[in-house]
Structures are given as C-alpha cells and as structure tokens.
Amino acid sequence: MYFYCEKCKKPYPLNTHSYMCECGGMFRLHKDPMDDVHTEITLGEVETPLLPMKSGKLEVLLKLENLQPTGSFKDRGARTLINEINHLGIKKIALDSAGNAGASMAAYAAAAGIECTVYVPDDLSSEMSNQIESYGAKIVKVANGRMNTCAAVKKNLGDAYYASHVYNPLFFEGMRPMAKEIYKQLGNKIPEYIFMPVGNGTMLIGLYLGFMELGRLPHFVAVQSSKCAPLYEAFYDKEPQPKKTTIAHAIRIETPKRLTTMVDILKQTGGDVVMVEDTDILKAKKFLASKGVYVELTSAAAMAGAEKFFAAGKPDNYKVVIPMTGSGLKR
Ligand SMILES: [Zn+2]
C-alpha cells in the first residue's frame, strides 16, 4: 500500500510526514488485492443494526453508528488508521477535529499506546473534551472556529504524524466495509438512497469506495445546514455565501478539502444535496428521541434532510438508509 497524489500521481510511502503532495494535490490510497489493512487493535466495534423508523408516511432505516465504541461512526476510520500507524512504528500523532474524530482517534491511540494530541474548536462541549482527555490525549483548544484548528495543527506538528481524517486516505479505507455491511443487512441488495450529513465527507467518500467495490451505487444525498453549505453551492454552481455557525457542529466545515471529489461522487450516484434549517434539525432530534433514538444534532440533520427530500412522498419499494453518525450523549 502507498499514497499517491490525485493530481500528479506521485507516490508517497504511508509513513510520509507530508500530508499532501508537493503539487498541492490530496492523497489517495493505492491498495493491491493482496494488501490487507491491519486489525489487531480493536475496541469491540460492532456491525451496527439497521433500525426501521417511520416518520409520518416516510419509512427509513437508521444505521445506528452511534453504537460504536466511542459513540460515533468515526471509530471505523480511526481503527484502520491507528492500526496502520501502529504497524509503521509511529509513536506520536496529532490531528484536528470537531469532536467525534478526536474522540475516536484518542481512544484507538490509547489502545495502541500512541501519544495523541487533538486540536479542537474552543466551543467544544465539555462532554466531548472530557471524553477525549479521559483517553489520555492532550487537547489544544483553538479560537475562531473549526477551520482554524486545521491551520493550528499543521503549524505545530513538530515530529508528530498528522493523523487527519480528512487528509489521510487510510481513514476513508476504514469506512469502506460499512457499505458491505448495509448490503448484507438488506439481503444482498443496495438501498435506493443513503442520506448523510456532510462536512468533510468522511462517510460520503468512504461509502462510495465501499459501494464501488460492490459494483453498484445507491443515490447519495448529502445533507448540509443552510448556514454552512459549501457542497450545496459547489454542486449547484451557486455563489458561495458567508458561512455561519450551525448547531450541527460536525458539519460546519467552511472549506472542505475534498470538495471536488464529493461533487463528482454525488453526480456519479445520481445524488443530490439538501439544505436544512437549524429548526428542522432540532425538530428531527426531538422526533428521534421521542422514538427512543438519542443522537447528535448532526445525525438529526440527515433525518431532516430525508423528510424534506421526500416531502411529496417516496415510492414504497425504495429502501432509504440514514446513518446515525453519533450519540446524543456527547453534548
Ligand atoms: Zn501531486
């Protein structure tokens, strides 16, 4: 396995301290059929259930990723990335996160005995920072929003490996099996639609890789907040609007690094982007909780997006999967 630049194709070894190509291109992962990712380090990840849910006339299947060891889907990517980092003998990592990825990476780094520093926005919930620090990771709080954490970690990397869930393709690699899991759970069928909240696109790109392996693609519908919708703007060729803070913290990513890739994927799947309001997100969170499903606002955003998208009705035979990205206990 090795990284290569998506623009100029230059190869880089997995243990490179560059996190992107010198030409400015993002890394992708080259993997031969015999290449297996390492899996020794585990925290007891589960095959998450598909829970049927009915909201009015709309029937969907919630993929309960909130049941993963640290309470979010990011455990899938973190497990793969930490296993490879550990295998490479790297002992010190740093990363930036809106919270979930930081908790996942901190937990798996703890399991591997790797020193971990997480740069977070300074308005991170106390539940989330307690979780990250409890795993033994160091937290650095950065003012003025999520994008500044990214700049701060890059500036202060020192001898640490940048274990980014955005830049490092090994994280996306860990997301890939989730597609096969959904396929299996639906009796070897792919769903017609998958709705997901999209910030940096970890799940979108990871699931795309997974479904490509299966040879068929569901329609991917990305859900963003109307206050911060760079993917919507890029997909529909709209003038970029000033970005504001949404209550769905995990998707307030103003300038996603893999935006073009995400637009390409959505077009290839015959997908779409839906914008939702904070009030819709709150309403969806309340609704899900009233049915016994306690998830983060970002997950509720995806539910709100599906409700909006199918407001005029959905064909009965369509299977719609909505990953519940994270637990509601974290804030
Ligand atoms: Zn390049």
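**Exercise 1. A salt bridge around helix H8**

Task: Determine which residue forms a salt bridge with lysine 243, and where the two partners lie.

Solution. Step 1: The partner of lysine 243 is glutamate 233, and the closest N and O atoms of the salt bridge are 2.9 Å apart. A salt bridge is here a side-chain nitrogen of Lys or Arg within 4 Å of a carboxyl oxygen of Asp or Glu. In general, side chains of opposite charge can pair when their charged atoms come close.

Step 2: Glutamate 233 belongs to helix H8 (230-235), whereas lysine 243 sits in the loop between helix H8 and helix H9 (259-268), so that the pair links distant parts of the chain, ten residues apart. Helices (H or I, at least four residues) and strands (E, at least two) are DSSP runs numbered from the N terminus.

Step 3: Lysine 243 is partly exposed, with a relative accessible area of 25%, while glutamate 233 is buried at 10%. Buried means under 20% relative accessible area, exposed means over 50%, and partly exposed lies in between (1.4 Å probe, protein chains only).

Step 4: Elsewhere, Lys31, Glu173, Arg176 and Glu213 are joined into one network by salt bridges that share partners.

Basis of the values: The structure is a predicted model, in which local features need pLDDT of at least 70 and side-chain atom pairs count only at pLDDT 80 or more, while totals for chains, interfaces and linings use all residues. Residues are numbered from 1 along each chain as its sequence is written, and side-chain values use heavy atoms, with hydrogens and water left out.

**Exercise 2. Further salt bridges**

Task: State how many salt bridges the count comes to, and describe the bridges of arginine 28 and lysine 92.

Solution. Step 1: The count comes to 14 salt bridges.

Step 2: In one of them, arginine 28 is joined to glutamate 6, with 3.0 Å between the closest N and O atoms. Arginine 28 lies in strand S3 (residues 27-30) and glutamate 6 in the loop between strand S1 (2-5) and strand S2 (11-12), 22 residues apart. Arginine 28 is partly exposed at 37%, and glutamate 6 is partly exposed at 24%.

Step 3: Lysine 92 and aspartate 159 meet in another salt bridge, at 2.9 Å from N to O. Lysine 92 is in strand S6 (residues 92-96) and aspartate 159 in the loop between helix H4 (146-155) and strand S9 (161-162), so the bridge ties together parts 67 residues apart in sequence. Lysine 92 is partly exposed at 30%, and aspartate 159 is exposed at 53%.

**Exercise 3. The zinc site**

Task: Identify the residues that coordinate the zinc ion and classify the site by its angles.

Solution. Step 1: The donors are the SG atoms of Cys5, Cys8, Cys21 and Cys23, at 2.3 Å. Donors are N, O and S atoms within 2.8 Å of the metal (3.2 Å for Na, K and Ca); water is not among the atoms, so sites may look incomplete.

Step 2: The angles among the four donor atoms are 102 to 120°, and the site is tetrahedral. Four donors count as tetrahedral if all angles lie between 85 and 135 degrees.

Step 3: The spacing of the donor residues in sequence is C-x2-C-x12-C-x1-C. Cysteine 5 lies in strand S1 and cysteine 23 in the loop between S2 and S3, so this pair ties together parts 18 residues apart in sequence. Cysteine 5 is buried at 0%, whereas cysteine 23 is partly exposed at 40%.

**Exercise 4. Strand S10 and its partners**

Task: Describe the surroundings of strand S10 (residues 193-197) and name the strands with which S10 pairs.

Solution. Step 1: Five of the five residues of S10 are buried. Tyr193, Phe195 and Pro197 cover one face, and Ile194 and Met196 are on the other.

Step 2: S10 pairs in the parallel sense with strand S11 (residues 219-225) over five bridges, where phenylalanine 195 has valine 221 as its bridge partner. Two strands pair if DSSP finds at least two bridges between them.

Step 3: S10 also runs parallel to strand S13 (residues 320-323), joined by two bridges, and tyrosine 193 stands opposite valine 320.

**Exercise 5. An open sheet**

Task: Give the strand order of the open sheet of four strands and name its edge strands.

Solution. Step 1: The order is S8-S7-S6-S9, with parallel pairing. Strand S8 (138-142) and S9 are the edge strands, each pairing on one side only.

Step 2: Strand S7 (residues 115-121) and S8 pair over five bridges, and proline 121 of the chain stands opposite valine 142 in S8.

Definitions and conventions
Four donors count as tetrahedral if all angles lie between 85 and 135 degrees; four count as square planar and six as octahedral if opposite donors are over 155 degrees apart and all others between 65 and 115; anything else is irregular.
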